[in-house]
Structure formats: C-alpha cells, structure tokens
Amino acid sequence: MARVRKGLSYVLGDTGNHENHILPINAMQLLAHTGHLFTGGRDGVVKVWSLDRQPEAEESPLPEEDCQDVNEQLLKLETAILLTLLQHKSLKCRYDSLAVLNRNTHFDWINDIKLVDKDRLLVTALADLSLKLIRLDTNDENDVHKFQNVHTDYVKKLSLISLQNLVVSGALDGAIAIWDLKTLKPILHFQNQSGKPHLPSSVYALANNQSNLISAGGPSNTINVYDRRISREGGANLIKRLVGHQDNVRCLLMNSDYILSGSSDSTVKLWDMRNFKVYKNFEMHDDPVWSLTTPYALAPGLLDGNADFSVFYSGDKAGNVVKTDLNYLSLYVPEEEMVEPTFSTSDLTVVDEKLGLCTLVAKACSPIVSLCVEKDTSIFASTYNALNRYYVPDTRQMAKYQYYRTCVDYCVNLDAQVDDDHQGVLEGTTTDQSDLNSEFYDIVSHLSMDTNNLDIQSSFSNYPMSVTNAEGEVDENAEYNSMFLCINGGPSTEFVNAYKEELKGLKTQETLTVDKTPVEILLNPIPASQVISIAFNSEAIERFPLSPKSIVAKKMLNNKRWMVVLYHNGDICIWDVFICQVIKSYPSKTGSDKRLSDDELKERARVMDQIAQENQTLDTFSNWCEVEIRSGKLLVSFVETSSPNVEIYYDEMVKLYPFMALDKNEPAKEHMARASDDERYPLALIFLNSIFHQYALYELKSDEKAREELRISATKLKTSGTGSEVDLSSVSSTVEETKRKRLFSRKSSKANVSLLSAKPAFSPAPSVSSAISDLADDPLTLTETSSISDQNIAEDSILKLILQNRQKYIDFYGQNGSKRVAPSEMFLYSNDIAVNGKDEGSLYCPFIPVMKLPGNLLIIVFENSQDLGNYRDVCSFHLDEITELNYPVQLNSTKCHLVQQLRQTLPKWIGNPILFNKFPQKEWPKVAFQLFEADYSKYPADKKIGGKAQKKIKRLPPLESSLKLTSQNMLRVNKVLLYVTEKFESRTSEMKEKKRPAEWLELECRGQILEPTMTLQTIKTKIWKSSSDIELFFRRKFDS
C-alpha cells in the first residue's frame, strides 16, 4: 500500500450567498411540502433556494365526459385535442435568485445529494472521495459531519433506502457501500463487477428497489443487479447482468418491478424485473442521455415504494428535455379506462409497443446535467450556463387518445386477420424460461430494421387521408413544426403542431413562454425531412444564470505569495495567498455579471499576463504551497516537505503587512520581544499558528487540567498507603469509579448530535492512557483518551502527541511525587512568556491578526497517496469555528466534535509548530561569490563620487584578506555590505558617523546595481545566470 501523506488546504474565491453557483449544478432535491429547492454544484457548494410566493391564476381543467362507446370517446378526444392548445398547470410559487442560503463545506465537486431523515438532513457525494451529512434543521452552518472513509476515488452517485434509514453510494473506484445514517459507517460494501477484465468497474449510476436489490451502471455498458442479502464472496451477490446498452450507462431509476436506464448510446430502456428483459425501448434522443427523473423522484435515483414510471423525463447532451407519457401503458392504465379488458398478455404487449407520447419540453443551448420535477407543474434543468425552470405540458389527454386509437386499430386488424393470427398462435413455440439465468440482450437495439412498419403500424391504412396541397396533390415541399417525438426515433407519426405557413397569422408582438401552436392529428405519417422540431417551452419561465465569478486562469508570481487570477467575467485580481486577501483588482469593462466568450477570455488572458509582468518580483523561491484551480476557486495546499521553503525577512514583512509589526502586538511589547530587520520567518509557521492559535490555547488549558488531575490522583494513592510511587492499575480503578459517579450526576446536554454518535466508538482495550482520570468540566481532556487503545490512535496525529505527554506526566509523578505539578511539555508559538516557556526579550513571533483573515475560510485536512484518485477530505471546518473555541467545550456539541476531529486528524508536522513551537529548519543551498572593489576607470565621466570621476575617485580602505566566500542563498545584499565594512583595514568617515553600510555603499553585478534586499539566490538566477562563482563589485554610491 502506498504511503499516505497528510496536508492542509484552504479555499480562496467568491461564492456569494445571494447568487447562483459559479459552476454547473450536478444534483437537485426538492422539498415537496415546502417547495424549497436544494442544489449541489461543481463549485462544492450546497444552496437552498428560497421561495417568492406569487402564484399564478389557476386554470380550470377541461371537464371530462363519461362515454361508454369507445369510438364516440375517441371522436370526442380528437375534437378536444384539435380545438384546445396544449395546456400546462399554473405555478404554485416562484424562486428568488437573490435569497439563497449557502452551505460552503466542500472543496471539490458535489456529484450527488439526497434528502434523508424526513428531509431534515442532506447527504452529499463528493469528488474529494467522501460523503458528508448536513443538518438542515439548525442555523449552525458548521453542523456538518463526515462519513467514514471507504472510497478511494470520486463518489459519483447516491441512492436512498428510506424505510431502513440507509444510503447507498457508488464511486469511480467501483466500490458500492451501504451506510447506516445513525453511525455514518458502512454496514456493507462490495466491488462492482465490470464483466470483462479490460473494462473499468466504475459506478456512474445507482438505484435501488427500496428493499434489498441494488442496480449499478457505468462504463461497462451493463446494468448489474445485486442482492445485498447474499454474501459478496466471489461476487455471489450479483444476481443479474442486464446487457443491451451500447455505451456508458449514465442514469438509473428503479422501483420494485422495473428499472429505467439512460445511456450515452442515446437510448432509454425500461427493464422488466420479472424476467430481466427489456420491456420497452425508447429512441427519442439523438444524443447521449445524461439525466432521468420522474414526478416521484425529486432527484435521479430516488424513488419511494409506490413510485412508477408512468411519466418520466430525460435530458441529453444536446440540451433537449423530453417528457415521455406512459400513463396508458398496460402497467398503469386505470381499470375503468381499459378499452378491451379481455386482451391477452400478448395482445397487451403488442399494444404497449406502440404507446408512449414523447414531447420535447425544452431545448437548452448546452447539455442537461441534471433534472428535478415539481410534480406535474414544472421541471428544473441544470445546464453548463444556468438553472432553468420550464412548464410541464399536460399530455394525458393526448396519451389517452393514443391509447384508444391504438387499441381500436389493433382490434380492427384482429378482426381482419383472425385466421392468420390464429395460425400464428398454433405455430408459436413455447417460451423457454431457461435463459433467465444467463445474460440478457435487448435484441431490438442490435437490429437496424425500421420498426415503424411492423406490427400495428399497418392499421393506419384504414384512414386514406394524406398530406395534400390545394389541388389535392401531395405537397412534398411543405414544412411542419412539431414538439412531438416518436419513441422509435425521429418526429412523431401521430401528432404535429401545424403547417408552417399557417403560423404567420398566429404571430403576435407578445413574447410567449410556451409555444401556442395548435396540435394536429396525423392519419398518415409525414416524412421526417418535412418536420421541424420545436419545444413546448419557447423560453424558460425562470432562468438563473451561473454566477460568472469562477476562476479560469492563474499565474503565481516569484514571491510565491501573490497569485494573479482571471475570472469568467473578465475581472482580474491579485490574491495574496498568505493573508487570504485580494490586494489588487482590475475589473472587466463589460461588467461583473456577464460570462465572457472564449475569444473574450483569451484577450483578457493576455491582459492578465501583462499585469503579472507589471507586478512581478525578483524573488527566487521554491514553492511553499501548491495552488490549483479547483471547483472554480483557488485551492491552496501545503505539506510537510515543502512548507519550510519560503521565509520572509522582518523588514519586508512589516513593509507589506504593517499589521504584523512588533509594535502592533501588545503581548510582544509588554514582554519586550525583539526583532531585527534581518530576522527570517517561515511563512508556513506564521500561517499555521495564526489559524490554530486559539486551538493551541485550548490544548494548553486541557494539558494544565490534566497535569493537575494526575497530581491529585497521585496524592490520593499516596495517602491511601500505596506508597510514594503511582500504581497505574490503582489509578485506573479510581478512574472508573470516578466516571461512574459522574455519569449518574451529569446533566444531559441540549446540544445533541447523537445522530452521529459524537463520541468515537473506540475499543476499551487497556493501554497506558487507561490510567488517566476523567475531567467533568472538559470531557475531551481525558474522558475520550481514557478508553483509547494504542491500536485506535493514528500514529501521525496530535492525539498521539497528547498521549505521549500524559505518559510523561505519569512518569514524573511516579518519580518525584505529587507535591508539585509536573511542568508542561507544551511551549506555544506566542509572545506571551506565560505560554511560550521563554524569558523577557525573546524573539518576536509574528501573527496574521484573525480579523484580517476571512471568517468563512474553508480549511481542509487532507490525505493523499498513489492509491487515491484525489485529495481525501479527512476533516474540514471554517476558520471562525477555530477562533471561537474556548476551554472547556460542552459534551456532544459541534465544538466538542471539532476538537475530537482535530486531535485525530491533524498530523504531527502541524501539531509540533502549534503546540511545541517546533518547526523544521530548512537547509538552504550554498552560493559561492567573490568581492572586488569597483574599477572606477571604467565608469563614464558623468558618474562621480565625492565630486570626482574615474581614476580621481578616492578608493575605499583595502580589505584585510581576499574575499572569496560561500554563504546560504538567502543572504541579502545589505548583509554582504556589512561584512565588507567589517573587513576594511581602517574605518571610513561614514563608519565613524555610524551610518548603515547600505546607506553609502552599493553592490554591482554585471553592471547592474543591486537592491539592498536582494538575495544571493536572486542575483545568481536573475542576473549572474551562470554556475560559476558570482562576482560582486562594491563602491560608494554615486553622487545624486
């Protein structure tokens, strides 16, 4: 197994509370009883959309008259369809794009979301390899809890087993896990099977039957059906493999009887779970199908036990949203509306093959990423550019007409061909059920014949009408608009909207949201070449464009702190990743609310390069952090090996960040801390201690309390006659007795997160820490550690460091008795001598003031290895959660949970600098250089020193020895000049006046005057540009 490394990341970028996502929405959920819409985006944000209740006037539904005669009913339906425009229901509410709530708790794509526990909780599936649980019934935005780590690649899909309070997850690593929502731990996980060794087992789509069957689809083009009751050993839980799709299976819906699948092969298939065969095939799309949903499925893959597929919606890569009405399929037709109750199963199958009314609901300008339906009123469609809302057409009347007409035609054909049909039945073979145990193929999808001319299509010949012109001749040049599609592909052969020329008189100056073109019933099909597809919605009733604030390009400057970024709206900013602030802005001339085209972005990218050159510095550092564009924002990450790579001199720090100066720090002034201009500070050391200082103070208080409690325990043991040394087993028994007493006297906490079992379920195996007593006012100080065995502690964690300290304190009392408290092992990075273990006048410790950092800064502790497909989020929190920590915390509170997580996940390389002020010193490379006094004769006559030029210039005192030196590459020019003056054989007048060398001396390299703050590394890289020793020439400054 590859070595796992831990690091720290934080996210910089714009995700406004009162605007749309900055990247496309991958998943949606709708609260049916309130109408609130939840969206999870590729920007890593969950948004809750508020409602602006302005209901439209209700439209009266058309009265339905009872009619016993089928032909009469058919005639009435035909008349109603021809006389009435295609209707839609009125909206119950509208959504306010400026009133949304943010849950910004993820640093990477949210691939799926599911409402659980009666809509009080939301589960998210993430590209950071994790799942998270967000509480919705609280105002605490930070009430977010992480599932146990199982997946090693992007978690793509979720499926809810609501009655059992379980969630199923599927990921690109092929793992399928079933989670208990009470413990956030998997009760079962197994590997998806691709069927062929060369095919990946990744899960792209996931669904379940609300019981024990789980279906999964992916790049293997198959749908695997698993039974979770069967052992996973040897893949025995795979009960069927459904084969028929010719490309990736992208979306799945499932109930107790059927599976509905959408694929990149542009087809949708309805699979019968009774025989695991395709019951019906749909080819109304010409492009890959990316999304499926139903009125019962408030998001793809989520169905309740009573859900059916009588109506479903599909979205494709071309931006088409299609409604398919199957209300009169034999599976769903009401008994009272059946045309012929005596139809046999084979008769019903033949009729069902022709049923399915497909309507093009809308056509967007980019792919449909996800769909969500508001019952039968409206549908939300997420695209690459916006979140669109469309009316849903009411097609039930047309579906009923299609059903009646198909049945009548079929009956006519039966009467005319009764002898042939009877003969065909006699010659038919008995169905062989033995193939139920094999892989099943949808034969229809493998055939190239035109199925429109098969079966009952011939019934249309009973109607001799055809499309003709005024002279009664067939007009082969006529064009028709149609929003209806055939389930077998192409335009509908049954319905069309109108002859195109007839629309001229219907046009008005009013802009219509839905197309008002009348519907015509075809008695003979029109050639597909004469039909132009139109959508029911001519435009979205509500459109929420994506916010153009996603970052599309970046460039790091040489100082490794400033990052120039380009936003999608053309704005250019310079972020200081050290203080997490924008320090310069260059707004776009087109405005901040417009997303630029690719050509416009290319032009702004050239401007960005110019800005980068204008602000470039001469520094030459290795990276102390990695900065990448993730989810439209900057993800800044650093790890142990690279964190010491960049240091900043005190004088430069004060110049750039005056709020970090010593005189701005009250404890530093009080304790007379010292700082010189040439003192260097690692950026990572300052940053880590700035964000974790309050947590470090918490641990110091906890450590103080632990030392006192251990002293008291040692005293009790001594007075009870056990001797002067601490008996660990006796301490342990005392601990347990104390715990029992406090357990029955402790008041219950109202801050209850029992859903998550805030206290980790560690094994109570005996260990060194079992000798530690409980602290009633700080449940995290020792209560948690008293039941943790060494096997349950991550070796690379702060908790390991804390327990090592506890053991040292136990050893101290065992050796020295309990008369005095053991000295603390913790010495914080601080200017307060009470906590830093130093004397007055110690070296200054600079901090970034907390108020200068954004409180909502998302910070992530991650782990990564070659076995993982991405950074894995092991703990995440916002900065204000840390800065608000105070000792002690309440048991089972979110702050209690946070401290637990920090102790268990923060690696030692972060724990050492924040708890012990231990930070690795970088071994800087050495640079060789030689020093010479300048040859004044080579300067032009106008260059004068002391009023004299060239050879008349007074030379400096000779040096004591030849100056061929080697020094670390961070040495600055002003230090070199100081060294030169120290090597003069005699003192100059400037030296007698105690002037600083940089005030009157200068260094040159290749004729270029060097700035006093320039380092040897910069000189060698930017000016000398050679591997040989650097040659530096010193002299007095020229006269001004």
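## An antiparallel sheet

Over how many bridges do β6 and strand β7 pair? In this predicted model, β6 and strand β7, which covers residues 121–126, pair in the antiparallel sense over 6 bridges. One residue shows how the two strands are matched: the bridge partner of I113 is T124 in β7.

These strands belong to an open sheet of 4 strands, arranged in the order β6-β7-β8-β9 with antiparallel pairing. The edges are taken by β6 (110–116) and β9 (144–146); each has a single partner strand, so one side of each is left without a neighbour in the sheet. From one strand to the next, the twist averages 25°. As a general point, side chains in a regular strand alternate between the two faces of the sheet.

## A hairpin

Strand β39 (residues 572–576) and strand β40 (residues 581–586) also pair in the antiparallel sense, over 5 bridges. Here the bridge partner of I574 is K584 in β40. The hairpin of β39 and β40 has 4 residues between the strands, and C580 takes a positive phi near 60° in this hairpin.

## Two packed helices

Two packed helices are described by the angle between their axes and the distance between the axes. Helix α10 (residues 798–816) packs against helix α14 (residues 908–915) at an angle of about 55°, and their axes are 8 Å apart. The two helices α10 and α14 are therefore oblique to each other.

On the side of α10, the residues that meet α14 are I798, K800, L801 and Q804. Their counterparts in α14 are K908, G911, N912, I914 and L915. The residues of this contact of α10 with α14 divide into 4 nonpolar, 3 polar and 2 charged.

## Aromatic pairs

The structure holds 30 aromatic pairs. One of them is formed by Y258 and Y279. This pair is edge-to-face, with 6.1 Å centre to centre and 70° between the planes. Y258 lies in strand β19 (residues 258–263) and Y279 in strand β21 (residues 277–282), so the pair ties together parts that are 21 residues apart in sequence.

## Confidence of the model

How high is the mean pLDDT of the protein chain? The mean is 84, and 83% of the residues reach 70 or more.

Among the stretches with low values, residues 506–510 have pLDDT under 50, and the model has 1 contact beyond four places in sequence for them. Over residues 723–780 pLDDT likewise stays under 50, and for this stretch the model has 121 contacts beyond four places in sequence.

Definitions and conventions: Residues are numbered from 1 along each chain as its sequence is written. This is a predicted model: local features need pLDDT of at least 70, side-chain atom pairs count only at pLDDT 80 or more; totals for chains, interfaces and linings use all residues. Side-chain values use heavy atoms; hydrogens and water are left out. pLDDT is the predictor's confidence in each residue, from 0 to 100. Contact means heavy atoms within 4.5 Å. Two strands pair if DSSP finds at least two bridges between them. Axes are lines fitted to C-alpha atoms, for helices over the stretch in contact, and angles run from 0 to 180 degrees between N-to-C directions. Angles under 35 degrees count as roughly parallel, over 145 as roughly antiparallel, 65 to 115 as roughly perpendicular and the rest as oblique. Ala, Val, Leu, Ile, Met, Phe, Trp, Tyr, Cys and Pro count as nonpolar, Asp, Glu, Lys and Arg as charged, and the others, Gly among them, as polar. Rings of Phe, Tyr and Trp (its six-membered ring) pair if their centres lie within 6.5 Å; planes under 30 degrees apart count as stacked, over 60 as edge-to-face and the rest as tilted.
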